[in-house]
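Here are my notes on this one, as numbered points you can check against the viewer. Start wherever you like, though I'd begin with the sheet.

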Amino acid sequence: MDDPRRPPARPHRIALLDGDAALLGLVSAWLADWGPVVAQPSGAATPADLLLVDVPFPRLVAPGGLHELARRHPGVPVIALSPTVFPGIRRRGELARRLGVAAVLPKPVPREALLETVHELLGAPR
């Protein structure tokens with residue numbers, strides 16, 4: 001298996017939706033080799049290869065709430081980050097399916113978990 005820390009040959013476009021400055025700084029530093037991370041509101045339609053979205057309370061997300069995000073960005077994987085998700089939850093399990101996202105990670109997100117998930121979703125480095 002490829003090393004998830006090995007950057008791709010071409011930079012990916014990664015967007016952080018509705019995140020705060022601290023989260024943007026953290027994921028920007030960790031994913032710098034993969035490509036720039038830009039902050040934007042969830043309603044924006046900026047092209048991206050991967051979307052990271054801050055979801056404070058996943059249980060309160062209305063049914064279809066994040067499905068709409070996926071509809072506006074067809075084919076773009078979405079990772080939901082949440083402080084109310086337990087670290088042991090399956091990142092690509094039932095909660096991710098219910099929210100309509102590719103993966104769910106706890107906040108604070110462990111660096112290796114984020115890198116592994118990004119690698120899984122964007123494929124092997126080119």
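1. In which sense do strand 4 and strand 5 pair, and over how many bridges? They run in the parallel sense, with four bridges between them. Keep in mind while reading that this is a predicted model. One bridge to look up is the one at isoleucine 79, whose partner in strand 5 is alanine 103. To get from strand 4 to strand 5 the chain passes through helix 3 (residues 94-99), and the β-α-β crossover it makes is right-handed.

2. Now the other side of strand 4. Strand 3 pairs with strand 4, again in the parallel sense and over four bridges. Two bridges here are easy to find: leucine 52 has isoleucine 79 in strand 4 as its partner, and aspartate 54 is matched with leucine 81 in strand 4.

3. Moving on to strand 1, this one pairs with strand 3 in the parallel sense, over four bridges. Isoleucine 14 has leucine 50 in strand 3 as its bridge partner, while leucine 17 stands opposite valine 53 of strand 3.

4. Put together, you get an open sheet of five strands in the order 2-1-3-4-5, with parallel pairing. Strand 2 (37-40) and strand 5 are the edge strands; each has a single partner strand, so one side of each has no neighbour in the sheet. From one strand to the next, the twist averages 25°. Helix 1 packs on this sheet and touches strand 1, strand 2, strand 3 and strand 4, with its direction at about 160° to that of strand 2.

5. How well covered are the central strands? A bit of background first: side chains in a regular strand alternate between the two faces of the sheet. In strand 3, Leu50, Leu52 and Asp54 are buried on one side, and Leu51 and Val53 are buried on the other. That makes five of its five residues buried. Strand 4 also has five of its five residues buried: Val78, Ala80 and Ser82 are on one side, with Ile79 and Leu81 on the other.

6. Next, the packing. The largest nonpolar core has 20 residues, and the members that touch the most others are Val27, Leu31, Leu50, Leu52, Ile79, Leu114 and Val118. Two or more residues each come from strand 1 (14-17), helix 1 (21-30), strand 3 (50-54), strand 4 (78-82), strand 5 (103-106) and helix 4. Helix 4 is the top contributor, giving six residues. Apart from this core lies another, of 18 residues, including Val85, Ala96, Leu99 and Val104.

7. If you want one residue to centre the view on, try leucine 52. Leaving out residues up to four places away in sequence, leucine 52 touches Ile14, Ala15, Leu16, Leu17, Val27, Leu31, Ile79, Leu81 and Leu114.

8. Last one: is threonine 117 buried or exposed? Threonine 117 sits in helix 4 (residues 111-122). Its relative accessible area is 0%, so threonine 117 is buried. Setting aside residues up to four places away in sequence, threonine 117 is in contact with Ile79, Arg91, Ala103 and Leu105. Two of those, Ile79 and Ala103, are the bridge partners from point 1.

Notes
Residues are numbered from 1 along each chain as its sequence is written. This is a predicted model: local features need pLDDT of at least 70, side-chain atom pairs count only at pLDDT 80 or more; totals for chains, interfaces and linings use all residues. Side-chain values use heavy atoms; hydrogens and water are left out. Buried means under 20% relative accessible area, exposed over 50%, partly exposed in between (1.4 Å probe, protein chains only). Contact means heavy atoms within 4.5 Å. A nonpolar core is a set of buried Ala, Val, Leu, Ile, Met, Phe, Trp, Tyr and Cys residues joined through side-chain atoms within 4.5 Å. Two strands pair if DSSP finds at least two bridges between them. A crossover is right-handed if, with the strands pointing away from the viewer, the path from the first strand over the helix to the second runs clockwise. Axes are lines fitted to C-alpha atoms, for helices over the stretch in contact, and angles run from 0 to 180 degrees between N-to-C directions.
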